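Let's take a walk through this structure together, starting with its charged pairs and working from there. Keep the 3D view open as you read.

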Amino acid sequence: MTRRRWLLGLAALVAMILVGAGAVVTTRLVSRPSPGPVAGPATPSPSTAAPTTPAPVTSSPTPPPGADLKGPLNLLLVGVDTRISVPGWEPHADAVLVLHVPAGLGRAYLFSLPRDLVVDIPAYPKAGYPGGRTKLTHAMSYGSRVPGDKAHPSTAQGYELLRTTVSRYTGLRIDAGAVITFGGFDKLVDTLGGVDLYVDQRVASIHRRPDGRYRDRSGSTYTGPQMVYQPGNRHLTGWQALDYARQRYTAGGDYTRQRHQQQLIRALARKILDQGLARDPDRVEQVVAALGKTLVYAGGGRRLVDFAYALGGLPAEKFVLVGLPGDAVGSGGSYRGEQLLPVGRDFLAALRGGDADAYLAAHPSLRVKS
């Protein structure tokens, strides 16, 4: 697997994971070929050596981007509420995923945190937020507030508070992250010619009709024919893939949606590798262009291309999808949110301690299957 293929793969991965986002900046990916070895002067045999003029000293080649990143790495991938396009609407984190790559960069683990996970959100003076214990999704909205300017919430600020909240909850340092909108997602999938996916349960869409048009809506109620995704091997177009990954009013609720998002990520990654898209410059340009102005990238001073290069040697089969089970939290008979079950919280501890493989071997149900 070439580094350039993983460069494209990471771009598509970011776009795929965050199926519910808002963004303001496009990050353009440019790959750099690794410099070859520099040949030095040959050493003559002592018996035949003739006086020669010393060869000029050459400077060392410039290291490729990200060559100094050895891991562990943690990337935070966020999708925000679609109503971010409404003036003054504060973004909510509808999808929160973490990609953990241990030291050595030979394996990666992708897991989701429930949007309604009850967490401690720290104070954030920049937004005038005093801190509190509430749902994870609200960290993005509380952090996005700009004092004195309610009409223009800041997605970048919201990401900053969400990143700090996730880091404190998981105990993982977040090295970089991204937020993406619906805007370029369906175009991306269509540019790739659709995606093949195994649908593991019946999913009825609350948003779309079978022909792709949006269903009629009165308040919070949708009416009209529904698009239904039946179990089995399916080929999904861009709007279908986006719609399928959004549905959480199904058996299993948001935990099922998390699983479907991860399965869709893997299906898209396989398609990218099978088509060898990174070897076709024109197709690479098409895929990058499909993202449009849909991506907010936060790299802590590092470029996305640096992380892409660092993951260049990661085998596709070492990309592990992990589902963390949880249940509802109540207070006085009312629903407050979600909490991870002990088996999920203990996975985070195993991840921090470098024992994720052993833990997953002992708890195989945590692995997300195709």
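Start with the charges: searching the whole structure turns up eleven salt bridges. Keep in mind that you're looking at a predicted model. The general idea is a familiar one: side chains of opposite charge can pair when their charged atoms come close.

Take E90 and R145 as one of these pairs. Their side chains form a salt bridge, at 2.9 Å from N to O. What does the pair tie together? E90 sits in the loop between β1 (73–80) and β2, while R145 sits in the loop between α2 (137–144) and α3 (155–170), so the bridge links parts that are 55 residues apart in sequence. Neither end is hidden away: E90 is partly exposed at a relative accessible area of 23%, and R145 is partly exposed too, at 35%.

Stay around E90 for a moment, and look across to helix α2, where you'll find S141. Is S141 buried or exposed? With a relative accessible area of 2%, S141 is buried. Setting aside its neighbours within four places in sequence, S141 is in contact with E90, P91 and H92. That puts E90 in two stories, as a partner of R145 in a salt bridge and as a contact of S141.

Now move along the chain to R209 and D216. Their side chains meet in a salt bridge as well, with 3.2 Å between N and O. Here the two ends differ in cover: R209 counts as buried at 13% relative accessibility, whereas D216 is partly exposed at 44%. Next, find D211 and R213, whose closest N and O atoms are 2.8 Å apart in another salt bridge. D211 is partly exposed at 49%. R213 counts as exposed at 52%, because the cut-off for exposed is over 50%.

Salt bridges can also join up into something bigger than a pair. D94, R115 and D116 are linked in a network of them. Two of those names, D94 and R115, come back in the lining of the second largest cavity.

So let's go there. The model has two cavities of 30 Å³ or more, and the second largest has a volume of about 60 Å³. Which elements supply at least two residues each to its lining? They are β2 (93–101), β3 (108–113) and α6 (253–275). Besides D94 and R115, the lining includes A95, V96, L97, S112, L113, D254, R257, Q258 and Q261. By class, that makes four nonpolar, three polar and four charged residues.

For a well-covered stretch, turn to helix α5, residues 238–246. Nine of its nine residues are buried. Among them are W239, L242 and Y244, along with the charged residues D243 and R246.

Finally, zoom out. The protein chain has ten helices and 16 strands, and buried residues account for 50% of its 370 residues. The chain exposes about 17400 Å², with carbon and sulfur atoms supplying 53% of that area. And how do the contacts spread along the sequence? Counting those between residues at least 6 apart, 68% join residues at least 24 apart.

Terms used. Residues are numbered from 1 along each chain as its sequence is written. This is a predicted model: local features need pLDDT of at least 70, side-chain atom pairs count only at pLDDT 80 or more; totals for chains, interfaces and linings use all residues. Side-chain values use heavy atoms; hydrogens and water are left out. On a 1 Å grid over the protein atoms alone, a cavity is a set of points where a 1.4 Å probe fits but cannot get out, and a pocket is an open set with protein on both sides within 12 Å along at least five of seven lines; lining residues have an atom within 4 Å of a point. Grid points are joined across faces, edges and corners, and a volume is the space filled by probe spheres set on the points. Helices (H or I, at least four residues) and strands (E, at least two) are DSSP runs, numbered from the N terminus. Buried means under 20% relative accessible area, exposed over 50%, partly exposed in between (1.4 Å probe, protein chains only). Contact means heavy atoms within 4.5 Å. Accessible areas come from the Shrake-Rupley method with a 1.4 Å probe; for residues, only the protein chains shown count as cover. A salt bridge is a side-chain nitrogen of Lys or Arg within 4 Å of a carboxyl oxygen of Asp or Glu.
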